[in-house]
Amino acid sequence: AVLQYSYNGGAWFTMVDPNEHIAQDAKQQIGLNWYNEKGLVSRPGDGNIASTNGNNSSGYGWTGVHQEWKTARFPLDSIMKHQPTGSSSVRFRMVFSSDQQNPDGTSYDGFAFDNLWIGERQHNVLFEHFDNLNNSDMKIDSVNLLARKYSMDMIPIQYHNNYPSEDIIYQNNKFPVETRGSIYDINQSPRSFMDGIKEYDYSGAYVKDYQVINRSLEDPAFDIDIEVLPTGNENDVEIHVTVIARRDLNDEILVNILPIETSIDQPSVNQPYGIDSLNNIVKDMLPAGGYPYNLTWTKGMTEEFTVTWDLNQLTEENVIYDKTK
């Protein structure tokens with residue numbers, strides 16, 4: 001079985017990752033539980049079917065014998081991106097096919113699907129990048145490119161460490177990078193971590209589409225609501241955070257608030273290194289060490305806290321280049 005789509009009832013296309021590697025590793029394709037085979041003899045959805053023309057010449061599909069329901073997810077971005085001008089709708093269909101390879105005497109129940117859902121992805125993928133302007137192999141431009149490419153799904157933030165030597169951003173503010181870097185045991189740059197679990201040391205391990213998109217297809221553990229409240233003082237704000245559990249969870253949770261400078265465009269900082277802009281530079285970490293919750297979470301459970309970010313309490317070296325950013 002496959003899922004196919006059509007614009008205004010025209011030709012039918014199989015929903016599949018065009019850069020998939022299903023023949024080698026099903027985990028290296030875009031989509032969660034999205035097809036488990038390639039080269040099916042019966043090629044579901046290929047050729048003329050019920051007076052319509054579909055395309056699945058490579059024989060993708062869900063196949064085999066399964067004893068339980070599976071949840072499959074796939075992004076629809078490319079379908080929206082390539083929708084023809086003047087096309088007002090997209091139609092979806094499930095297509096089934098069979099061959100003669102089942103053993104004699106077997107009887108299977110067929111294929112069923114339920115609970116079709118189309119909506120916005122809910123998971124924002126946190127991409128933490130550690131770099132240094134004095135590093136001849138820095139990847140800041142590459143991270144900026146990733147941020148533009150995955151603007152719908154990825155939240156990139158940058159820390160500057162002191163490898164191979166202190167740069168001006170590290171000298172501005174050492175506290176966040178040394179606090180966060182110690183968790184990852186970082187003693188070099190560049191390094192990146194996605195959602196705190198996937199590490200890239202950039203020695204040939206470049207970020208691939210499926211690694212970002214498939215994380216964004218996962219359900220997040222929490223909803224987080226952030227409200228920034230003025231205090232009447234131009235140099236400080238109150239930050240109110242509400243954390244809501246989306247599922248049951250028995251684990252320690254640490255909540256950090258990270259003020260960032262969205263871009264640093266000072267020629268004196270960037271031009272010596274040939275970089276147009278430094279983006280999403282972490283300026284502080286609130287509260288110091290994070291706000292700990294050692295709780296048994298149940299779905300819908302809510303916790304709230306408020307902190308004040310006071311620029312007057314920043315060290316003299318913690319330069320904010322543009323307060324409007």
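Start by selecting Met15, Trp34, Tyr35 and Phe127: of the 32 residues in the largest nonpolar core, these four touch the most other members. Keep in mind as you click around that this is a predicted model.

Now colour the elements that feed this core. Strand S1 (2-7), S5, S6, helix H2 (140-149) and helix H5 (209-216) each supply at least two of its residues. Linger on S1, as that strand gives the most to the core, with four residues. As background, nonpolar side chains in soluble globular proteins tend to be buried together.

Next, go to the stretch between two of those contributors. The loop between strand S5 (90-95) and strand S6 (125-131) is where you'll find Phe96. Show Phe111 and Phe113 as well, and switch on the surface: together with Phe96 they form a nonpolar patch there, with about 320 Å² of accessible area between the three.

Then jump further along the chain and pick out S10, S11 and S16. In that order, these three strands form an open sheet with antiparallel pairing. At its edges lie strand S10 (222-230) and strand S16 (302-310), each of which pairs on one side only. Look across the strands and you'll see neighbours turned by 20° against each other on average, direction ignored.

For a closer look, zoom in on S11 (residues 236-245) alongside S16. This antiparallel pair runs over nine bridges. Which residue of S16 stands opposite Thr242? Select Glu304: that's the one facing Thr242. If you turn on hydrogen bonds here, stick to the backbone, since strands of a sheet pair through backbone hydrogen bonds.

Terms used
Residues numbered from 1 in each chain as written. Predicted model: local features only at pLDDT ≥ 70, side-chain atom pairs only at ≥ 80, totals over all residues. Heavy atoms only, no water. Patch = residues over 30% accessible without salt bridge, like charges linked within 9 Å, V, L, I, M, F, W, Y side chains within 5 Å. Areas by Shrake-Rupley, 256 points an atom, 1.4 Å probe, with all protein chains shown as cover. Salt bridge = Lys/Arg side-chain N within 4 Å of Asp/Glu carboxyl O. Pairing = 2+ DSSP bridges. Axes fitted to C-alpha atoms, helices over the stretch in contact; angles between N-to-C directions. Core = buried A, V, L, I, M, F, W, Y, C linked by side-chain atoms within 4.5 Å. Buried < 20%, exposed > 50% of the residue type's maximum accessible area, 1.4 Å probe, protein only.
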